[in-house]
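User: Hi! I would like to walk through the pockets, the ligand site and a few backbone details of this structure. Could you take my questions one at a time?

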Amino acid sequence: MQTIIVTGGAGYIGSHTIIELLNKTNYHVVSVDNFSNSNPQAYEKIRSITKKKFDTLEVDICNEALLNEKLAAFKNSAGIIHFAAFKSVPDSVADPLMYYHNNNASLLNMLRFAKNNQIRNFIFSSSCSVYGNANELPVTEETPLKKAESPYGHTKQIGEDMIAFFCKANPNFNAVLLRYFNPVGAHMSGEIGEFPITKPNNLLPIITQTALGINSLTVFGNDYDTRDGYCIRDYVHVSDVADAHVKALNYVIEGKNKKNISLYNLGTGNGVSVLEAIQSFEKVSGKKLIYTVGPRRDGDVIAVYANNTLAKSELHWVPQYSLDDMMLSAWKWQLNLEKNK
Ligand code: UD1
């Protein structure tokens, strides 16, 4: 049985991806996580949803010596899916060095681990933040990257460049860079979602917490040059994003890739304003959301959404879930978290 190493497997997208891997493939999975922004309970939830086994290791992958020691048993793995990273735009603006260290040192260590052990397949979590304020919408994979609006986005631009140069120097190494737009929602069972360790910064958990009165939503600006003045994003269900990883992994392991580095936008293609997201939430939850409008947030791009034709045609990835599904599943998960407090 081939082994797949998943870094950040207890995290939000990592945990949903392990569910898809266990449900849809025969790979043996080992998750590597230090729980810096995740909760070991995610592993129990994965086991109860899938009724399948997988291995877990608690390691900070920024520590290369420890990484090599703990992962020694998995040197013959068939592939690595590298999620482990920090992902808050505002935190990265406040502490850029923490972001460069955590996101780029961990990637460097994982690439070196792959190189030293001839692990040939690598899937990387990138982000639409690499486009900055793009010149065209929707963005395709060919759209030129503008200056990143935040250190977070810059760590992803650097990460993509590191992998591209590494692929050029190592023709036998295959990488797939997945540019996520805005992954939201939770597994449709409502049994697993994002475990907030600290106060969340992303829109969806703040919306669902606000609906329960345990947070208060401030919308960051409604005076943008968009159709209703609110920022526009491409929200995509986390289980659809997870499914794309399984497809990307199979694609390179089965040798279907034409080049040794491939790049895909993972978005639904629908630009949704913050106001429209709020309205969808209100519709599916039946709750009126009380919020205030504040100033713009530093590091925010104005509008971004994906052209996802390439992922559809090459990976045969078709997002299954609607905006309402995203909202409903996020709400189910929030209610579940509250119930089990
Ligand atoms: C960014 C990245 C995305 C990445 C994510 C990880 C971009 C365009 N996208 O998402 O690829 O996956 O970080 O965290 O850089 N908002 C409010 N009030 C709040 C919180 C958010 O109005 O309290 C608004 C933001 O201004 C934005 C939208 O909601 O317009 C989404 O914000 P958020 O969920 O934080 O994600 P991004 O920063 O867009």
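User: How do the residues lining the second largest pocket divide into nonpolar, polar and charged?

Analyst: Happy to help, and please keep in mind that this is a predicted model. The second largest pocket has a lining of 15 residues, and Glu 142, Lys 259, Ile 261, Ser 262 and Leu 263 are the ones nearest its centre. Sorted by class, the lining comes to seven nonpolar, one polar and seven charged.

User: What is the volume of the second largest pocket, and which element gives the largest share of its lining?

Analyst: The volume is about 320 Å³. Helix 6, strand 11 (261–266) and helix 10 (309–315) are the elements that each give two or more residues to this lining. The largest share is four residues, and the element that supplies them is strand 11.

User: Now the closed space: how many cavities of 30 Å³ or more are there, and what volume does the largest have?

Analyst: Searching the whole structure turns up one cavity of 30 Å³ or more. As for the space inside the largest cavity, the volume is about 50 Å³.

User: Which elements give two or more residues to the lining of the largest cavity?

Analyst: The lining is made of His 82, Phe 83, Ala 84, Ala 85, Asn 103, Asn 104, Phe 124, Ser 125, Thr 155 and Lys 156. By class, these residues are four nonpolar, five polar and one charged. The elements that supply two or more of the lining residues are helix 5 (96–116), strand 5 (121–127) and helix 6 (151–169).

User: Let's turn to the ligand. Which residues come nearest to it?

Analyst: The shell around the ligand divides into 16 nonpolar, six polar and four charged residues. Of the 26 residues around the ligand, those that come nearest are Lys 87, Ser 127, Leu 203, Arg 233 and Asp 300.

User: Which element gives the most residues to that shell?

Analyst: Strand 7 (182–184), helix 7 (203–211) and strand 8 (217–220) each contribute at least two residues to the shell. The most, four residues, come from strand 8.

User: What share of the ligand's exposed area does the protein bury?

Analyst: Let's start with polar atoms beside the ligand's oxygens: a side-chain atom of Ser 127 lies 2.8 Å from an oxygen atom of the ligand, and a side-chain atom of Asn 202 lies 3.0 Å from an oxygen atom of the ligand. From the backbone, a polar atom of Phe 220 is 2.9 Å from a ligand oxygen. Taken alone, the ligand exposes 740 Å², and the share of this that the protein buries is 95%.

User: How many aromatic pairs are there, and how many residues apart are Phe 122 and Phe 173?

Analyst: The count comes to nine aromatic pairs. Phe 122 and Phe 173 form a tilted pair, with 5.9 Å from centre to centre and 40° between the planes. Phe 122 is in strand 5 and Phe 173 is in the loop between helix 6 and strand 6 (174–180), so to speak a link between distant parts of the chain, and the separation is 51 residues.

User: Is the peptide bond from Leu 137 to Pro 138 cis or trans?

Analyst: Pro 138 is found in the loop between strand 5 and helix 6. Omega for the bond from Leu 137 to Pro 138 is near -5°, and the bond is cis.

User: Last one: what is the phi of Gln 118?

Analyst: Gln 118 sits in the loop between helix 5 and strand 5. Its phi is positive, in a residue other than glycine, with a value near 50°.

Note on methods. Residues numbered from 1 in each chain as written. Predicted model: local features only at pLDDT ≥ 70, side-chain atom pairs only at ≥ 80, totals over all residues. Heavy atoms only, no water. Near = heavy atom within 4 Å. Polar contact = N/O pair within 3.5 Å; in protein donor to acceptor, adjacent residues only side chain to side chain. Areas by Shrake-Rupley, 256 points an atom, 1.4 Å probe, with all protein chains shown as cover. Nonpolar A, V, L, I, M, F, W, Y, C, P; charged D, E, K, R; others polar. 1 Å grid on protein atoms, 1.4 Å probe; cavity = no way out; pocket = protein on both sides within 12 Å on 5 of 7 lines; lining within 4 Å. Points joined across faces, edges and corners; volume = space filled by probe spheres on them. Phe/Tyr/Trp six-rings, centres within 6.5 Å; stacked < 30°, edge-to-face > 60°.
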